[in-house]
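Colleague: I'm still new to reading these models. Could you take a close look at one part with me, the salt bridges, and follow them to wherever they lead?

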Amino acid sequence: MMGRDRADGKVAVVGVAYTPIRRSASSLTSGSLALRAVIEAASDAGLLAADIDGLATYPEAPEARGSGVDGRDFASTDLLMTLLSDADVSWFVEVSVGGVLSPLQEAVLALRAGACKYAAVWRSVAVRPRAEPSTVPHSFSGAGAAFGCDSLVQWHAMRYMRYLNQFGRSREDMAPLVCHIRAQGSRNPDAVFRGKLLDLEEYMAAPMVSDPLSMYDCDMPVNAAVALILTTHDRARDLPHRPAVISPLVQQTWSEGPRLHYTTLDYTRSGRRVADRLWAASGVGPGSVDAVQIYDGFSPSVWYWLEAAGFCGEGEAADFVTDHVVGDSATLPLNTGGGSLGQGRLIGMNHVAEAVLQVMGRCGDRQLDAVRHVAVFDGSPMTRAGALMVSAEG
Amino acid sequence: MHPVRAVESNGEPSAITPAAFDSLFWDAAARHQLVVLRCKHCGRYRYSQGGGCENCAHVDFQVRAVSGLASLWSWTVTRRQLARVVIWDCPYLVTCAELVEQPGLMLVTSCPLDLADPTTLHLEMPLQVAFAANPRTGLEMPYFVPRTS
């Protein structure tokens, strides 16, 4: 008969590591950064690299657009298996569609199934030199490439422009949220903007990239890797840190067929479904969760997620932020480590890491009191939405 | 505006490849005509290519001329070169227009700011297609302006 701990199916994060986060391309490749993060995360968990027998990543390089080089632009499971030559890997997976929660979900399932004992999940990101733009537009992709609109920034800009006009909002309404997230990032040693505040005037004077998105609404590309070590709850109890239990983890990809781009879909539909399941399965709700970590590669994503997750109604996020997130009366800690706007473009793995570190009680002067449940909302609430709850034991 | 006329011929292949649609699209644009793919089985329009019709899963499409009338879904003024293909010097206006032929049938186009003033735009405003010669691409390129009639 299986032991109770195994049967309860709980999986916990037991180790976390960041490499240094740098803005410029460095001699450290994505492969070497990933290796360093995995080894340090194992050490953080009180393990040796040789103890790692499960590997999972979401390797799509954000700027690679399908042409990335393994080791330079991302770090595959094949590469890590080679580099971790002492490890006896019994399970691995490389997720090509989804987001950073996808390899985490795979690792949770593999650990529950007994396919491995200690799984490393990482994300390695690289600043790539910008490719020389082409002047040959002839391929009509239907998604804007032939018309000079194939950047995610431009698509998010159009979604945001629509939102601002739908609900009578402006950039001024976004300023307090971005400055708040940056202030929290300034206190995080694992942030590209550590020690650097952003004030309201600087935000409003920011160079515009694609209206209404300014430079400070978009995360900064960085060279870095983040790794987490996961194991079953029974094993976790013998390791040095308070286990950060992952449960539940829900994902949804919503498609309305081949529309032009996912940003033209209902901007909260997928997120609503994911959030409803997260709250129902965890027994925690918007009013009782201790903190949230929300994907903020583009600042308006935070507004969309707050609405999708039921913190407020559609069009009400700016008021919710003013009343509940920033200022002296704030009740909802949000992106406590600085998110991607403060930490850099770590594509959501930083949000999971921050939730874990808060639950473990390892956040130094930004540590919250009595943290039991931290919700993570990842990706886009328009389509590839993901959410998980990181909880203290018991 | 040139008169709208049918694009497809009797010898039209049953499946239109992306490359074939590219040339049909730009050939039509050269005649100041906007075309779109239409499912031969159920009549649903689309711009995206590959895979079956999202309504009936049939794979045979034809190329159809559309009215060029649309409403404004959203827009952005791009102030830094972000795209893989340089079409206009920055800043330029990118418009996402929902064609009147079918809800959700959207086309993204762009134009320099002297052809359309972004400060006059508002959501859902009626638009119509126009065409401008692009010196970089050598193509007549469709873009959308506020509807005048």
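**Following the charged pairs**

Modeller: Let's start with A:Arg72, which counts as partly exposed because its relative accessibility is 42%. Its partner in a salt bridge is A:Asp73, and the closest N and O atoms of the two are 2.8 Å apart. That partner sits in another class: A:Asp73 has a relative accessibility of 4%, so it counts as buried. Keep in mind as we go that this is a predicted model. As for the general idea, side chains of opposite charge can pair when their charged atoms come close.

Now for a pair with a longer reach along the chain. A:Asp319 makes a salt bridge with A:Arg169, again with 2.8 Å between the closest N and O atoms. Look at where the two ends sit: A:Asp319 is in helix α11 (residues 317–325) of chain A, while A:Arg169 is in the loop between α5 (152–167) and α6 (171–186), so this pair ties together parts that are 150 residues apart in sequence. A:Asp319 itself has a relative accessible area of 39%, so it is partly exposed.

Chain B has its own example. There, B:Arg46 forms a salt bridge with B:Glu54, and their closest N and O atoms are 3.3 Å apart. Here the Arg is the hidden partner: B:Arg46 is buried because its relative accessible area is 2%. B:Glu54 comes out as partly exposed, because it has 29% relative accessibility. Going back to chain A for a moment, some salt bridges share partners, and A:Arg169, A:Asp173 and A:Asp319 are joined that way into one network. If you search the whole structure, over all chains, you get 14 salt bridges.

So far each pair we picked stays inside one chain. How many salt bridges are counted between chain B and chain A? The count is two. One that you can find there is B:Glu124 with A:Arg162, where the closest N and O atoms are 2.9 Å apart. Take a second look at B:Glu124, though. Its phi is near 65°, a positive value in a residue that isn't a glycine. You'll find B:Glu124 in the loop between β6 and β7 (126–134) of chain B. With 39% relative accessibility, B:Glu124 counts as partly exposed.

That bridge takes us to the interface, so let's zoom out a little. On the chain B side, 42 residues are in contact with 42 residues of chain A. Together the two chains bury about 3700 Å², and 60% of that is on carbon and sulfur atoms. Within chain B, the residues that lose the most area to chain A are B:Trp73, B:Leu82 and B:Arg84, which together make up 20% of what that side buries.

Polar contacts turn up here too: 15 residue pairs across the interface of chain B and chain A fit the rule, with both residues at pLDDT 80 or more. Which elements give two or more residues to the side of chain B that touches chain A? They are α1 (18–30), β4 (69–78), β5 (92–99), β6 (106–112) and β8 (139–146) of chain B. The largest share comes from β4(B), with seven residues. Sorted by class, that side of chain B has 23 nonpolar, eleven polar and eight charged residues.

While you're in chain B, here are some backbone spots to click on. B:Pro91 lies in the loop between β4 and β5, and the peptide bond leading into it from B:Cys90 is cis, with omega near -5°. Like B:Glu124, B:Ala57 isn't a glycine but has a positive phi, in this case about 70°. B:Ala57 belongs to the loop between β2 (45–46) and β3 (61–65) of chain B. With 56% relative accessibility, B:Ala57 counts as exposed. Chain A has a cis peptide bond as well, running from A:Asp211 to A:Pro212 with omega near 0°. Look for A:Pro212 in the loop between β5 (208–210) and β6 (213–214) of chain A.

Last thing: how far can you trust chain A? Its mean pLDDT is 91, and 90% of its residues reach 70 or more. Over residues 1–7 of chain A, however, the pLDDT is below 50, and beyond near neighbours in sequence that stretch has six contacts in the model. Where pLDDT is low, the predicted coordinates should not be read in detail.

Note on methods. Residues are numbered from 1 along each chain as its sequence is written. Chains are lettered from A and ligands numbered from 1 in the order in which they are written. Side-chain values use heavy atoms; hydrogens and water are left out. pLDDT is the predictor's confidence in each residue, from 0 to 100. Contact means heavy atoms within 4.5 Å. Buried area is the accessible area (1.4 Å probe) that two parts lose on being put together, summed over both. A salt bridge is a side-chain nitrogen of Lys or Arg within 4 Å of a carboxyl oxygen of Asp or Glu. A polar contact is a pair of N or O atoms within 3.5 Å; within protein, one must be able to donate a hydrogen and the other to accept it, and residues adjacent in sequence count only if both atoms are side-chain atoms. Helices (H or I, at least four residues) and strands (E, at least two) are DSSP runs, numbered from the N terminus. Ala, Val, Leu, Ile, Met, Phe, Trp, Tyr, Cys and Pro count as nonpolar, Asp, Glu, Lys and Arg as charged, and the others, Gly among them, as polar. Buried means under 20% relative accessible area, exposed over 50%, partly exposed in between (1.4 Å probe, protein chains only).
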